[in-house]
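Biologist: I'm new to this one and would like a close look at a single part. Could you walk me through it slowly?

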Amino acid sequence: MAKTRTTVAISMGDPSGIGAEVLAAALAARGMKRALRPVVFGDDGVFARACKLMGVADTLPRVELGEAIPAAGGLVRVSRLAAADRKPGKPSHAGALAQAAYLEAAIIAVQTGAADALCTAPIRKAALHAAGLDFPGHTELLAARFGVPRVVMMLAGPVLRVVVATTHVALADVPARLTPEGIAENLVITHRALREQFGIKRPKIAVCGLNPHAGEGGLFGDEEARIIAPGIALAAKAGVKAEGPYPADGLFPRAARGGWDAVLAMYHDQGLIPLKTVHRETAVNVTLGLPIVRTSPDHGVAFDIAGKGVADRTSMIEALRLAARAGSSTAP
Ligand SMILES: NC(=O)c1ccc[n+]([C@@H]2O[C@H](COP(=O)([O-])OP(=O)(O)OC[C@H]3O[C@@H](n4cnc5c(N)ncnc54)[C@H](O)[C@@H]3O)[C@@H](O)[C@H]2O)c1
Ligand SMILES: N[C@H](C(=O)O)[C@H](O)COP(=O)(O)O
């Protein structure tokens with residue numbers, strides 16, 4: 001029997017950002033048609049402009065919300081923004097409402113089985129709030145929509161994979177958010193995903209400390225002894241091979257040479273700065289712990305280059321490929 005392509009629901013992101021540009025270019029990449037059936041939730045005018053800017057053929061069939069999607073996939077018209085509301089680099093309130101609507105429609109597509117996996121183009125996080133959705137990012141909104149108490153944000157590159165113990169929270173709030181149970185749950189979810197989504201039989205995870213030099217034996221901070229080490233011990237009881245806490249500045253150079261299958265960082269910038277420095281174009285953001293596969297490129301809306309046709313499509317290609325590959329186990 002012929003293998004069915006994975007249907008990937010794709011939210012088009014902020015209509016004033018580079019989301020549609022990287023998406024249009026990525027869908028035109030070699031092998032993409034064989035790898036997946038794209039169902040884009042977005043705006044006709046924004047996508048058509050993006051195709052022109054990126055110099056690719058605009059071949060996606062257009063359909064209205066609720067209509068059947070052709071076998072080749074299609075673009076579902078969720079918004080019909082006026083030109084003034086979709087200017088590159090100039091976000092609008094109508095654009096904020098539109099990006100939230102694309103995302104909600106794409107989520108419903110995977111929840112109802114119309115799609116096998118979800119890939120999200122970048123949103124402007126403040127736009128979620130403007131649209132009345134009180135979530136700091138996709139990660140937290142998806143946890144709520146799928147009723148999952150804990151998800152894990154992973155940025156996965158060809159060598160480094162980073163997960164974070166806290167996501168989009170103020171730096172001052174990080175220590176209070178760390179608990180041994182939370183660290184352990186994060187490690188268990190990461191361990192499971194490394195096995196199931198990344199095909200690593202016996203994953204090895206390294207864990208960062210929170211403080212410089214992992215606290216230097218309690219001289220400047222005790223979260224390592226009080227919270228992180230007990231969290232690692234709890235995870236070990238659940239069969240997770242994790243080690244640390246190690247000073248982050250020494251750990252990442254070793255991890256970037258392939259020392260572990262993933263690194264657990266305590267907060268966003270501790271993990272994402274090394275990851276993006278090493279793998280800027282090739283990393284993919286994956287939400288672990290959801291009942292579905294969700295990926296995203298590792299960059300934001302990049303208003304500074306929107307509309308110029310210079311956005312790099314590589315991370316979007318990787319995000320689509322991973323969604324297609326990891327989502328294929330749920331494809332009919
Ligand atoms: N998954 C997401 O939805 C997501 C991820 C990150 C940031 N954001 C949002 O994007 C907005 C801007 O964030 P930021 O400035 O921190 O990050 P950014 O990734 O948008 O931009 C950082 C720099 O990288 C460049 N850049 C980004 N993507 C590029 C690409 N594909 N090709 C070439 N250059 C690229 C930009 O031009 C800019 O100079 C914020 O509102 C943030 O919340 C969303
Ligand atoms: N923190 C990620 C990054 O900096 O690349 C990105 O903002 C992820 O956000 P989502 O939860 O919206 O995927």
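Biologist: Which residues of H9 are buried?

Modeller: Happy to, with one caution up front: this is a predicted model. The buried residues of H9 are Glu224, Ile227, Ile228, Gly231, Ile232 and Ala235. As for what lies over them, the cover includes helix H8 (180-196), E8 and strand E9 (242-246).

You can also check the length of the helix. H9 has 15 residues, and at 1.5 Å a residue they should span 21 Å; the end C-alpha atoms are 20 Å apart, which agrees. Just after H9, look for glycine 239, which takes a positive phi of about 90 degrees.

Now step back to the stretch ahead of the helix. Histidine 213 sits in the loop between strand E8 (205-208) and helix H9 (223-237). Histidine 213 counts as partly exposed because it has 16 C-beta neighbours inside 10 Å, whereas a buried residue needs 20 or more.

That histidine is worth a pause, since it comes up in a record too. An unreviewed UniProt entry carries the annotation "binding site" for His168, His213 and His268. These three span 101 residues in sequence, and the farthest two C-alpha atoms are 23.8 Å apart, so they do not all gather at one spot.

Take His168 next. Its place is in the loop between strand E7 (161-164) and helix H7 (174-177). With 14 C-beta neighbours inside 10 Å, histidine 168 counts as partly exposed. Leaving aside residues up to four places away in sequence, histidine 168 touches Pro136, Gly137, Glu140 and His268.

Two of those contacts, Gly137 and His268, lead us on to a ligand. Ligand 2 is surrounded by Gly137, His138, Thr139, His268, Leu272, Asn285, Ser296 and Asp298. Helix H6 (138-145) and helix H11 (268-279) each supply at least two residues of this shell. By class, the shell around ligand 2 has one nonpolar, six polar and one charged residues. On the domain level, at least three shell residues come from each of domain 1 (1-148 + 290-332) and domain 2 (150-289).

There's another ligand to find while you're looking. Around ligand 1 there are 17 residues, and the closest are Pro122, Lys125, His299, Gly300 and Asp312. Sorted by class, the shell of ligand 1 holds eight nonpolar, five polar and four charged residues.

Notes:
Residues are numbered from 1 along each chain as its sequence is written. Chains are lettered from A and ligands numbered from 1 in the order in which they are written. This is a predicted model: local features need pLDDT of at least 70, side-chain atom pairs count only at pLDDT 80 or more; totals for chains, interfaces and linings use all residues. A residue is near a molecule or strand if its C-beta atom, placed from the backbone, lies within 6 Å of it. Helices (H or I, at least four residues) and strands (E, at least two) are DSSP runs, numbered from the N terminus. Ala, Val, Leu, Ile, Met, Phe, Trp, Tyr, Cys and Pro count as nonpolar, Asp, Glu, Lys and Arg as charged, and the others, Gly among them, as polar. Domain bounds come from an automatic or database domain assignment. UniProt positions are given in the numbering used here, feature names are shortened, and annotations may be inferred rather than shown by experiment. A residue is buried if 20 or more other C-beta atoms lie within 10 Å of its own, exposed if 12 or fewer, and partly exposed in between; C-beta atoms are placed from the backbone. Two residues are in contact if their C-beta atoms, placed from the backbone, lie within 7 Å. The expected span of a helix is 1.5 Å times one less than its number of residues.
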